[in-house]
Amino acid sequence: MKKYIEYKQTTRWWAYQSWKDAKMPLVTVVKTFDITHLLKVCKNKNMKPNMLMLWCIIKAASQIDELYQAPDGDKMARYDSMAIQTILKRKDGGLIFCDVPFENDLDRFSRDYTTVTKLAIERNENYILDDRMTIWTSAIVGTEIDCLVNQYIEGLNNPFMTWGRFRKGWFKTTVPISIQFHHVQMDGEHVAKFLNLIQAEMKKV
């Protein structure tokens, strides 16, 4: 469920005062992740790497209170649940945006991922969960990517994460992931915690 609260009711009031008039209030941070263990789990459990990447990201996000809220004009939108968005191919070659609801149980999240992505492709239309705080993602697997800075569209303030082709070494596989976030929503300290939690989830999944 989504509800609106005044900035003064949140711990981000001072950030709103500092960044409300900024023409570009987004910040981009990049971290390289070790996904060696994650890929082993995918092979052993016959799971898709993208699905498991999404689950690790949203599971980490669920532990950051600031990620349950996002700036929306002169108010803050507060959500009581989360989702993570993946991008699929349309039948005509375009893009479909598909939101997968967060479930703390991996097997259930995997089933939901399969169900909603299949539904979106069959219907050839977006599957959007407006009542959840959604982390947007884009996997550009055609090449290796060091960093991606997205365009800024006023009013679209959700965190956006991007990665490219995995980098396979002799002993481990890595991938840089870019996160773009609204500075009113989070500071660097929150993002550092979020990224560290993602890595932790990838190593213990």
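## Elements and model

Helices, marked H or I and at least four residues long, and strands, marked E and at least two residues long, are DSSP runs numbered from the N terminus. The model described here is a predicted one.

## The largest pocket

The largest pocket has a volume of about 430 Å³. Its lining is made up of 23 residues, of which Asp130, Thr134, Trp136, Leu156 and Asn158 are the closest to its centre.

Several strands take part in this lining, since at least two residues each are supplied by strand E3 (69–72), strand E4 (75–79), E5, E6 and strand E7 (133–140). The greatest contribution comes from E7, which gives four residues to the lining.

## Helix H4 and its buried side

Helix H4 runs over residues 106–123, and because 18 residues at 1.5 Å a residue should span 26 Å, the separation of 26 Å between its end C-alpha atoms agrees with the expected value. The buried residues of H4 are Leu106, Phe109, Ser110, Tyr113, Val116, Thr117 and Ala120. They cover an arc of only 145 degrees around the axis, which puts them on the same side of H4. On the face turned away from that buried side, H4 carries the exposed residues Arg111 and Lys118.

The cover over the buried residues of H4 includes both helices and strands, namely helix H2 (36–45), helix H3 (49–61), strand E5 (82–89) and strand E6 (95–101). Ile121 also belongs to helix H4, but this residue is partly exposed, with a relative accessible area of 37%. Leaving aside residues up to four places away in sequence, Ile121 touches Leu88, Lys91 and Ile96. The C-alpha atom of Ile121 is separated by 9.2 Å from that of Cys98, a residue 23 places away along the chain.

## The two ends of H4

At the start of H4, a side-chain oxygen of Asp105 comes to within 3.3 Å of the backbone nitrogen of Asp107. Just after the helix, Asn124 takes a positive phi of about 60 degrees, although this residue is not a glycine. Asn124 lies in the loop between H4 and E7, and its relative accessible area of 18% makes it buried, because the cut-off for buried is under 20%.

## Helix H2 and the residue after it

In H2, the buried residues are Thr36, Leu38, Leu39, Val41 and Cys42. These buried residues pack against strand E2 (26–34), H3, E10 and H5, while H2 is itself part of what covers the buried residues of H4.

H2 is followed by Asn46, which has a positive phi, near 55 degrees, and which is not a glycine. Asn46 is placed in the loop between H2 and H3. With a relative accessible area of 73%, Asn46 is exposed, whereas Asn124, the residue with positive phi just after H4, is buried.

## Asp187 in the loop before H5

Asp187 is found in the loop that joins strand E10 (173–182) to helix H5 (188–204). Asp187 is buried, with a relative accessible area of 15%.

The side chain of Asp187 is joined to that of His183 by a polar contact of 3.5 Å. When residues up to four places away in sequence are not counted, Asp187 touches Arg12 and Trp14.

Notes:
Residues numbered from 1 in each chain as written. Predicted model: local features only at pLDDT ≥ 70, side-chain atom pairs only at ≥ 80, totals over all residues. Heavy atoms only, no water. Expected span 1.5 Å × (residues − 1). Buried < 20%, exposed > 50% of the residue type's maximum accessible area, 1.4 Å probe, protein only. Arc of directions from axis to C-beta. Contact = heavy atoms within 4.5 Å. Polar contact = N/O pair within 3.5 Å; in protein donor to acceptor, adjacent residues only side chain to side chain. 1 Å grid on protein atoms, 1.4 Å probe; cavity = no way out; pocket = protein on both sides within 12 Å on 5 of 7 lines; lining within 4 Å. Points joined across faces, edges and corners; volume = space filled by probe spheres on them.
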